[in-house]
Structure formats: structure tokens, C-alpha cells
Amino acid sequence: MNILLPVLIGFLLDLLLGDPRGMPHVVRGLGRMITWGEGALRRLFPKTPRGEYGAGLVLTLCVTLLPSICAGGALWLCLWINRYLYLAAAGVLCFQLLAARSLCEESMRVCRRLREGDLPGARAAVSMIVGRETETLDEAGVTRAAVETVAENASDGVVAPLFFLLLGGAPLGLFYKAVNTLDSMIGYKNERYLYFGRFAAHLDDLCNFIPSRLCALLMVAAAFLLGLDGRGAYRIWRRDRRKHPSPNSAQTEAVCAGALGVRLGGDATYFGVVHHKFSLGDDTRPIGPQDIAAANRLMWGASALALILLGLWRLAL
């Protein structure tokens, strides 16, 4: 199977279309599968730590393996029927696994609300792309949340999917997206998901270990190319990349903080509980709405570099 061409098609479709409203989407399908599976498995397994862990393990294996196997079989059948049918089907699937344009559009909606002085609107807009509670955030807190999610999802939503797509085609890319979706829905360290989501969270950490570091280095390179503070990006990445409970999240956030010359991180509230986090970067100036736009430029630069470098790597295999 040709792997590179469908990825190029998918990247261009994402660049042109983003996430069209009303279009059936594989990630929404994964979300419904997770929701239904959680309810069913919680009823089947005992309500003990070991039982919850086992239920989460079964859910993770089902959600990651079944769609990937089905997608591989469907694409093989498309290729058997017609090469162009395969390219169309694989290209659309790759398109749905990438999220650069939708990430940019949603975060820039926050930027516009802030520039208009509409703090309640900005809080509502940022609540659509972050997991933390946003009702009490001030302007700096809303801006920081938006910049952080652009930085983190530069890896989770673009570079990591590209890495797995070019490594093993659309089925492996779908496997990664299923892992990432599971982590975003059940990978929390709270009473409900501490045991149920543990396997999914650890698998997400494993899958993102290489892509997050690759993305961080590409963001450093993009900072130099885009006229941002490339030296600061590298310095803060070296200093702060491990200052996060996750082994991966601070990789790209630290680069972004250094490239923009602002401070990210700090305490955040999830499900009514305050989580104390390290700060990333130096507080050299106040963060502002313009930093959301700058973070998006950094994301696009790293995404383009990832497509070029990973594409060349694929061609060399």
C-alpha cells in the first residue's frame, strides 16, 4: 500500500477544510464507542480497584484494536477493487486524524473574543478546547489556557498523528487517535477514573514519548525560522521540559513558553479540584491575546517541518 500519498492528501484536506460541521467524524465515533463501552464494562466488572482496572484495560484494547483492524481490512478491500478508491478512502481517514486547522480556528476564536473585550465569550470559547474549568479565569488565565492547548496539541493533534500515519498508514494512525481519545476521556487521576483509566493513560504516555520530543525540537526549529525567540525556546525546553506530571506534556509547552517569552503552566482546576503544577518559562512580560496567534504560527511551522522531514524519512525506507 502507498502510505505517503494518502497522508499528503489528508494534510491538504485538513489545511483546506478543517472540521466541517455535520460531517461524520471518526473521532466522534470513537468517543461514542468509549462512552458506551465504559457503561457496559462498569456493569460487568466488579467495583473494586482491580475490577475497574480490568474493565479499563478491556475497553482500551477494544477501542484501539477493533477500529484499526476494521480500517485496515476496509482499505485493503478498497485497494483490491481500485487504486484510486483506496487513495480516496485512506486520504479521507488521514484527513480526519489530523487537527491543525480546527485547533487554529478554535483557539483563534478565543483570541478574537479577548481582543473584543468579551471575557465571558472568551471563557466559553476556551472551554471548548481545554479540560480545565474556565468560569473564573481572568484574561491572562484564558489566554494561557489557549496557548497551552495549542502547544500541547501541536503534538497530540498533528505531529504525533503524522508520525504514526507515516510509520504504519491510516490503521496505525487510527490506533494512535483511539489511544489519545481514550486518554482525553478517561485518563484522569480522580475518583472515577483513577483505576479505570490508568492503562489508557499509561499507553498514551508511551505512544507520545517519541512524537512529543520530536515536536518540541521541530517547534524550536520553527521558532528560529519564524523570527520568534529560538534560543529562548531551546533554553526553556532544556530547563523545564520535565516540569509536569505527564512525561510528555511539558515538552512542547516549555518550547512555546520560551519562544514567546511568557510563563505558562501553574495551578488549574479540573472537576472542582485544584491541581498544582509547575510554571514553565520566565515571566518576562504579561501574556496577551497576540500570543495565541504566535502559538498557532509555531504550531503550523512545526507541522510543516514534520510533514517534510517525516515524508522524507518515509521515502527513504
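This is a short tour of a predicted model, going from the nonpolar core to a buried helix, then to salt bridges and two single residues.

**Stop 1: the core**

Start by selecting Val 110, Leu 162 and Cys 256. The largest nonpolar core has 90 residues, and these three touch the most other members. Now colour helix H7, residues 139-186: this helix supplies 23 residues, the largest share of that core.

Keep Cys 256 on screen and show what surrounds it. What is Cys 256 in contact with, leaving aside its neighbours within four places in sequence? Look for Val 147, Ala 151, Met 219, Leu 264, Ala 295 and Leu 298.

**Stop 2: helix H10**

Cys 256 is one of the buried residues of H10, so select that whole helix next, residues 249-260. H10 has 12 residues and runs 17 Å from its first C-alpha to its last, close to the 16 Å expected at 1.5 Å a residue.

How many of the residues of H10 are buried? The count is 12 of 12. That list takes in nonpolar residues such as Val 255 and Leu 260, and also Ser 249, Gln 251, Thr 252 and Glu 253.

Bring up the surroundings and you'll see what the buried residues of H10 pack against: H7, helix H8 (198-225), helix H9 (230-240) and helix H11 (290-316), along with strand E1 (264-265) and strand E4 (279-280). Then step off the end of the helix. Gly 261 follows H10, and its phi is positive, near 75°.

**Stop 3: salt bridges**

There are 12 salt bridges in the structure, and a few make good stops. Begin with Arg 28 and Asp 19, where the closest N and O atoms are 3.6 Å apart. Arg 28 is partly exposed, at 38% relative accessibility, and Asp 19 is partly exposed too, at 30%.

Jump to helix H5, residues 100-115, and pick Arg 101 and Glu 105; they sit four residues apart in this helix, about one turn. Their side chains form a salt bridge at 2.7 Å, N to O. Arg 101 is partly exposed with a relative accessible area of 26%, and Glu 105 is partly exposed with 31%.

Stay in H5 and select Glu 106 and Arg 109. This pair forms a salt bridge at 2.8 Å, N to O. The two residues are three apart in H5, so about one helical turn separates them. Arg 109 comes out as partly exposed, at 27% relative accessibility.

For something more elaborate, show Arg 235, Arg 239, Asp 240, Lys 243 and Asp 282 together: salt bridges link these residues in a network.

**Stop 4: two single residues**

Go to Thr 48, in the loop between helix H2 (26-44) and helix H3 (49-81). Buried, exposed or partly exposed? Thr 48 is partly exposed, with a relative accessible area of 36%. If you'd like to try the distance tool, draw a line from Thr 48 to Phe 175: they are 127 residues apart in sequence, and 28 Å apart from C-alpha to C-alpha.

Finish at Asn 208, which lies in helix H8. With 3% relative accessibility, Asn 208 is buried, since the cut-off for that label is under 20%. Display its contacts beyond four places in sequence and you'll find Ser 155, Asp 156, Ala 160, Tyr 176, Asn 180, Arg 213 and Asn 248.

Terms used
Residues numbered from 1 in each chain as written. Predicted model: local features only at pLDDT ≥ 70, side-chain atom pairs only at ≥ 80, totals over all residues. Heavy atoms only, no water. Core = buried A, V, L, I, M, F, W, Y, C linked by side-chain atoms within 4.5 Å. Buried < 20%, exposed > 50% of the residue type's maximum accessible area, 1.4 Å probe, protein only. Contact = heavy atoms within 4.5 Å. Salt bridge = Lys/Arg side-chain N within 4 Å of Asp/Glu carboxyl O. Expected span 1.5 Å × (residues − 1).
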